[in-house]
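Ready for a few exercises? Have a look at the model below, try each task yourself, and then read through the solution.

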Amino acid sequence: MTLEVGLLLLESVLLIVTVTLLIFNIHEGKQRDKLIREVGRATRVLSRQEYFLSLMDSMLDAEKEIIGCITGRSPSGDDIKMTRHITDAIENMTQKGVRIKYLLPKFPDRLQIGVQYTKAGAEVLFSSCLMVHNIRYSIVDERIVVLGIPESTGEKEATKKGYKIPSEGLAMILKGSFNSCEKQTSLKDYLQEVIEHTGATPDHLAREFHLDEEDLKKLLR
């Protein structure tokens, strides 16, 4: 075997080893990225659960009043069950004499939550003011604030996690912003506004947003 042939064979072996290591590194990188995504997903779910649990605990501790500025997005997946729990809590607390009022952004797809919360006993208002698109919170008895933090900027982004803040000062500031939010519209008036602008009937709205047509007709009377 000549020296040239030996060097050629050595280069071939090194090339094979290099390609093999490269393949293993690519595979390892994909597995690592997958693990990071899974951990991140699990963290987000846990954070959302903590947020809703904090919200539920605060609602059940209310004695006089609950005010909320919320996204009102139509629930899906596990959020359907949590929304049902919140609706039950609204019904229980309003029966005990607690006043509950929510402010939602003016999007037709928010009618589903608006109708559900109204049926449970809450007063639901809609607005297009800047605040209702950029912040989400609940105020309990003017002393406790539960702040919701979205995944990223945008009024349609899901709440990622929340903070429970016992602060009368912050509660009063947010309540003042709530009351000063312009062009607040009742659920009934907003329903009529949607019907006038879109030409949709109560039947169309019920099918589009998974609502009971009879509930819509009662609200429009």
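**Exercise 1.** How do the axes of helix 6 and helix 8 cross, and within what distance do they come?

Before we start, a word on the ground rules: this is a predicted model, where local features need pLDDT of at least 70, side-chain atom pairs count only at pLDDT 80 or more, and totals for chains, interfaces and linings use all residues. Residues are numbered from 1 along each chain as its sequence is written, and side-chain values use heavy atoms, with hydrogens and water left out.

Step 1: find helix 6 at residues 187-198 and helix 8 at residues 213-220. Helices (H or I, at least four residues) and strands (E, at least two) are DSSP runs, numbered from the N terminus.

Step 2: the two axes come within 9 Å and cross at roughly 110°. Axes are lines fitted to C-alpha atoms, for helices over the stretch in contact, and angles run from 0 to 180 degrees between N-to-C directions.

Step 3: that crossing makes helix 6 roughly perpendicular to helix 8, a label for angles of 65 to 115 degrees.

**Exercise 2.** Which residues in helix 6 meet helix 8?

Step 1: on the helix 6 side, look for Leu187, Lys188, Leu191, Gln192 and Ile195. Their partners in helix 8 are Leu216, Leu219 and Leu220. Contact here means heavy atoms within 4.5 Å.

Step 2: sort them by class, and you get six nonpolar, one polar and one charged residues.

**Exercise 3.** Which cysteines form a disulfide?

Step 1: a search of the whole structure turns up one disulfide (cysteine sulfur atoms within 2.5 Å). Cys129 and Cys181 form it, with their sulfur atoms 1.6 Å apart.

Step 2: place the two ends. Cys129 sits in the loop between strand 3 (123-127) and helix 4 (130-134), and Cys181 in the loop between helix 5 (168-180) and strand 7 (185-186), so the pair ties together parts that are 52 residues apart in sequence.

Step 3: check the twist. The angle about the S-S bond is -80°, and the link of Cys129 and Cys181 is left-handed.

**Exercise 4.** Are Cys129 and Cys181 buried or exposed?

Step 1: buried means under 20% relative accessible area, exposed over 50%, partly exposed in between (1.4 Å probe, protein chains only).

Step 2: Cys129 comes out at 14% and Cys181 at 7%, so Cys129 is buried and Cys181 is buried.

Step 3: now try Cys69, which is buried at 0% relative accessibility. The closest cysteine sulfur, in Cys181, is 6.8 Å from the sulfur of Cys69, too far for a bond.

How values were computed: Parallel < 35°, antiparallel > 145°, perpendicular 65-115°, else oblique. Nonpolar A, V, L, I, M, F, W, Y, C, P; charged D, E, K, R; others polar.
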